[in-house]
Amino acid sequence: MPTESFHAPQPDYRSGLETDLIHAGTMRSQHGETSEGLYLTSGYIYETAEQAEARFKGEQSGFIYSRFANPTVAMFEARMCALEGAEMARATASGMAAVTSTMLCQLSAGDHVVAAKALFGSCRYVIEDLLPRFGIAMTLVDGTDLDQWAAAMRPNTKVLFLESPTNPTLDVIDIAGVAKIATSGGARLVVDNVFATPMHQRPLALGAHIVVYSATKHIDGQGRCLGGVVLGSEEFIMGSLHNFLRQTGPSISPFNAWVMLKGLETLALRVARHVESAGILASYLYNLEGIERVLYPGHASHPQHNLAMSQMGSGGPMVAFEVKGGKAGAFKFANALGTIQISNNLGDAKSLITHPATTTHQRLSEDARAELGITDGLLRLSVGLEEVGDLVRDIDAGLAAI
Ligand SMILES: *Cc1c(COP(=O)(O)O)cnc(C)c1O
């Protein structure tokens with residue numbers, strides 16, 4: 001039986017990745033169920049008082065309490081390890097619980113963090129507003145400029161943080177380059193890998209030390225459940241993260257972990273379709289008169305196109321573009337869509353469009369938005385699994401409305 005310090009088996013995940021997405025980490029009960037068991041339990045029964053004592057002392061393996069570990073959650077963590085090539089993983093209640101716990105479990109007052117400016121709104125809050133309240137200094141850099149990362153390093157720099165492609169402007173950051181700077185400075189690089197998806201980018205193989213996900217996105221893939229996961233070395237998980245999670249409690253529900261396990265089974269198929277449709281829509285948008293600017297890493301015009309191809313091998317599942325007419329133009333476009341829905345979520349089977357300037361990034365000052373290229377006409381599209389011809393027709397309808 002796995003314990004709360006469950007150590008995932010390490011299959012050769014590149015051969016048979018899609019097989020691992022379906023089978024890795026499965027622990028069948030005595031009933032021999034085909035689908036993974038949903039252990040909807042908060043606690044566990046001990047046969048004797050002596051057994052309870054031995055479990056708490058760590059002398060006997062086994063589950064203690066679902067804030068610490070749960071069999072369904074352990075299966076999800078093990079399957080994620082196989083996918084990512086990580087020694088260990090811990091699942092959390094949401095992507096933000098994964099990011100916040102990853103930071104707080106290893107940082108103390110007096111430490112310093114370097115992060116890319118272009119971050120998911122809540123990640124930027126954690127780095128820019130939350131950490132400084134606890135005496136943790138931070139420097140924000142242009143993530144695409146390796147010299148800025150190197151110049152920001154201090155003797156007390158402990159963590160570097162980035163996401164690539166960035167939200168919402170889809171800049172691509174050189175993960176191997178930043179990882180080298182982190183390692184030579186004695187710091188750890190944390191990569192938020194949501195926008196690339198685990199199918200297209202493997203930060204640990206590129207030298208990053210820790211990977212975090214919002215499993216809410218492509219891992220669930222059907223917009224049902226919140227969840228997060230943190231992956232890294234046994235040294236980091238057992239040395240820093242495990243006890244932090246166990247004592248502070250941002251645990252994922254076993255039900256949500258079970259949904260994520262089911263999501264992983266179809267991840268490869270779904271992401272392939274998301275990426276294929278995103279490429280088709282991006283090419284279509286590039287040829288349209290009414291579109292001011294298209295941001296898609298898979299297109300040759302993207303400033304980091306070559307890096308995107310070597311790092312992700314694809315343009316990814318997200319497309320951003322700017323329409324004419326600023327905020328009014330963007331709102332007219334979004335309101336005229338039929339199949340594509342207006343939502344700030346992403347990674348769903350349903351295509352979802354967001355106006356970052358008034359939603360996910362409205363908290364930033366106008367100057368901060370301008371610096372990041374988040375203009376009033378910018379829209380971010382999470383390309384879904386619908387018939388791509390219907391999405392093309394939607395784009396035509398949006399443009400006709402402006
Ligand atoms: C959604 C998202 C998060 C936060 O995840 P939640 O599951 O919503 O808490 C963090 N980073 C990125 C890049 C995201 O897209």
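Three bridges join β11 (residues 352–354) to β12 (residues 378–382), and the two strands run antiparallel. Strands here are DSSP runs of E with at least two residues, helices are runs of H or I with at least four, and both are numbered from the N terminus; two strands pair if DSSP finds at least two bridges between them. Within this pair, Leu352 sits opposite Ser382 of β12. The model is a predicted one, so local features need pLDDT of at least 70 and side-chain atom pairs count only at pLDDT 80 or more, while totals for chains, interfaces and linings use all residues. Residues are numbered from 1 along each chain as its sequence is written, and side-chain values use heavy atoms, with hydrogens and water left out.

Both strands belong to an open five-stranded sheet with mixed pairing, ordered β8-β9-β12-β11-β10. Its edges are β8 (291–295) and β10 (341–342), each of which pairs on one side only. Two helices lie across this sheet. Helix α10 (residues 267–286) crosses β8, β9 (318–323) and β12, running at about 150 degrees to β8. Helix α12 (residues 326–335) covers β9, β10, β11 and β12, at about 125 degrees to β9. For these angles, axes are lines fitted to C-alpha atoms, for helices over the stretch in contact, and values run from 0 to 180 degrees between N-to-C directions; contact means heavy atoms within 4.5 Å.

Then there is the other sheet. It is open too, with seven strands in the order β1-β7-β6-β5-β4-β2-β3 and mixed pairing. β1 (88–92) and β3 (137–141) are the edge strands, each pairing on one side only. Ignoring direction, neighbouring strands are turned by 20 degrees against each other on average. Helix α4 (residues 95–104) packs on this sheet and touches β1, β4 (157–163), β5 (188–192), β6 and β7, its direction making about 155 degrees with that of β6. Five bridges hold β6 (residues 210–214) and β7 (residues 228–232) in an antiparallel pair, where Ile210 stands opposite Gly232 in β7. Helix α5 (residues 121–133), for its part, lies across β2 (112–116), β3, β4 and β5, at about 145 degrees to β3.

Next comes the ligand. There are 14 residues around the ligand, and Gly95, Asp192, Ser214, Thr216 and Lys217 come nearest; a residue is near if one of its heavy atoms lies within 4 Å. The shell splits into six nonpolar, five polar and three charged residues, where nonpolar covers Ala, Val, Leu, Ile, Met, Phe, Trp, Tyr, Cys and Pro, charged covers Asp, Glu, Lys and Arg, and the others, Gly among them, are polar. On the polar side of things, a ligand nitrogen lies 2.6 Å from a side-chain N or O atom of Asp192. A ligand oxygen is 2.6 Å from a side-chain N or O atom of Thr216, and an oxygen of the ligand is 2.8 Å from one in the side chain of Lys217. Taken alone the ligand exposes 380 Å², and the protein buries 91% of that (Shrake-Rupley areas, 1.4 Å probe).

The loop between β4 and α7 (175–184) has some backbone quirks. Pro165 is placed there, and the peptide bond leading to it from Ser164 is cis, with omega near -10 degrees. Pro168 is in this loop as well, joined to Asn167 by a cis peptide bond with omega of about 0 degrees. Leu170 also lies between β4 and α7; its phi is near 60 degrees, a positive value in a residue other than glycine.

Terms used: Polar contact = N/O pair within 3.5 Å; in protein donor to acceptor, adjacent residues only side chain to side chain.
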